[in-house]
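Student: Please take one part of this model and look at it closely. I would like a connected account of how that part is built and what surrounds it.

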Amino acid sequence: MKMAPQERSAPRRRNPRGQGQVLKAQLVDATAKLLATLDQPETLTLRQVAREVGVAPASIYSHFPDLSALIQHVLRLRYEELGRLMNEAARSAPDPLADLVARCAAYVRWGVDQPGHYRTLFGGRMPDDLVPGSAHGAGAEPLEAVVVSLAGVTGGEATAERRWQAGLLLWTSLHGLVGLYNDHGNLPWPPLDDLLTDLISLHTARPAADIAPLLPPRGHDPAQVGTASES
C-alpha cells in the first residue's frame, strides 16, 4: 500500500551555515543537564537527549557516532572546566601554600555549587561499556596539579611515589567532603570553609590559623557555573 503524501517523512533540511555547531552545542548542553538531574543518569538515552533539544534522534549522528561519544565529550568539557577554575583560582597565589588552598577551595566550592555536575564526573554510576575508564583521563590534570602543589608545601625528600600518594589522599579527602556535604546536607555541618581549612591543615601539617586567611572570599570565587557547550 502506498503512503499518502502527508504520511511520508519529509527529508531533513540541511542546516544553514553555522547552525550545525549550534545544534552540537545544544546537544552537549542537554546531555550535561540530563546527566546532572536524572535520578538514574546511567539510563540516559539518545532519544531523551533528542527530546530535550527538540530534534529527531537521527540528527545526533551528524555530530556524535553514539551516546558514549556524546557523554565522553561532556565529561572532557567538565574536567577541563574544573581544571581551568582551579588554575584561575591559583593564578595570583604568592606562595605554594596559597596555591594549594586556592586549588582546594575552587574544587570543593565547584563540587558543592554544582552537585549534579560533580556527580557526573565522580559519581561512578555509568556502566563501563558506555563510559570506559579512559573517558576520565582528562581528570588527571587537576589531580596532578594538586599533587605538585601539595609537594611544594610539604617539601622534604619524599619520592615521587610518596608525593603521588599524599596528593591522592588529599584528593580523596576533598572528594569525601564534597560527596558527604552534597548527599547529607540536612546534617548540622560546620561552615564549609572551616571544614576545608582543617582538612588542608591535616594534610600539610600547617596551623589552621595560617590557612584560613588564604581562602578566597566567596564573593570573588572564580569557581562558578561554566558552560558545557564548548566544542
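Tutor: Helices (H or I, at least four residues) and strands (E, at least two) are DSSP runs, numbered from the N terminus. The expected span of a helix is 1.5 Å times one less than its number of residues. By that measure α8, with 13 residues, reaches 18 Å from first C-alpha to last, close to the 18 Å expected. The model is predicted: local features need pLDDT of at least 70, side-chain atom pairs count only at pLDDT 80 or more, and totals for chains, interfaces and linings use all residues. Residues are numbered from 1 along each chain as its sequence is written, and side-chain values use heavy atoms, with hydrogens and water left out.

Helix α8 covers residues 192–204. Its buried residues (under 20% relative accessible area, with exposed over 50% and partly exposed in between, for a 1.4 Å probe and protein chains only) are Leu192, Leu196, Thr197, Leu199, Ile200, Ser201 and Thr204. Among the elements that cover these residues, in contact (heavy atoms within 4.5 Å), are α4, α6, α7 and α9, the last being residues 208–211. Just past the end of α8, alanine 205 has a positive phi of about 60 degrees.

One of the elements covering α8 is α6, and the relation is listed from the other side too: the cover of the buried residues of α6 includes α8, along with α3 (67–90), α4 (96–113) and α7 (160–183). Helix α6 runs from 140 to 154, and its 15 residues reach 21 Å between the first and last C-alpha, close to the 21 Å expected. Pro142, Leu143, Ala145, Val146, Val147, Ser149, Leu150 and Val153 are the buried residues of α6. After α6 comes glycine 155, with a positive phi near 60 degrees.

Ser149 leads from α6 to α4. Aspartate 99 lies in helix α4, and it counts as buried because its relative accessibility is 16%. Its side chain is joined to that of serine 149 by a polar contact of 2.7 Å; such a contact is a pair of N or O atoms within 3.5 Å, where within protein one must be able to donate a hydrogen and the other to accept it, and residues adjacent in sequence count only if both atoms are side-chain atoms. Setting aside neighbours within four places in sequence, aspartate 99 is in contact with Ala90, Ala93 and Ser149. Serine 149, its polar partner, is itself among the buried residues of α6.
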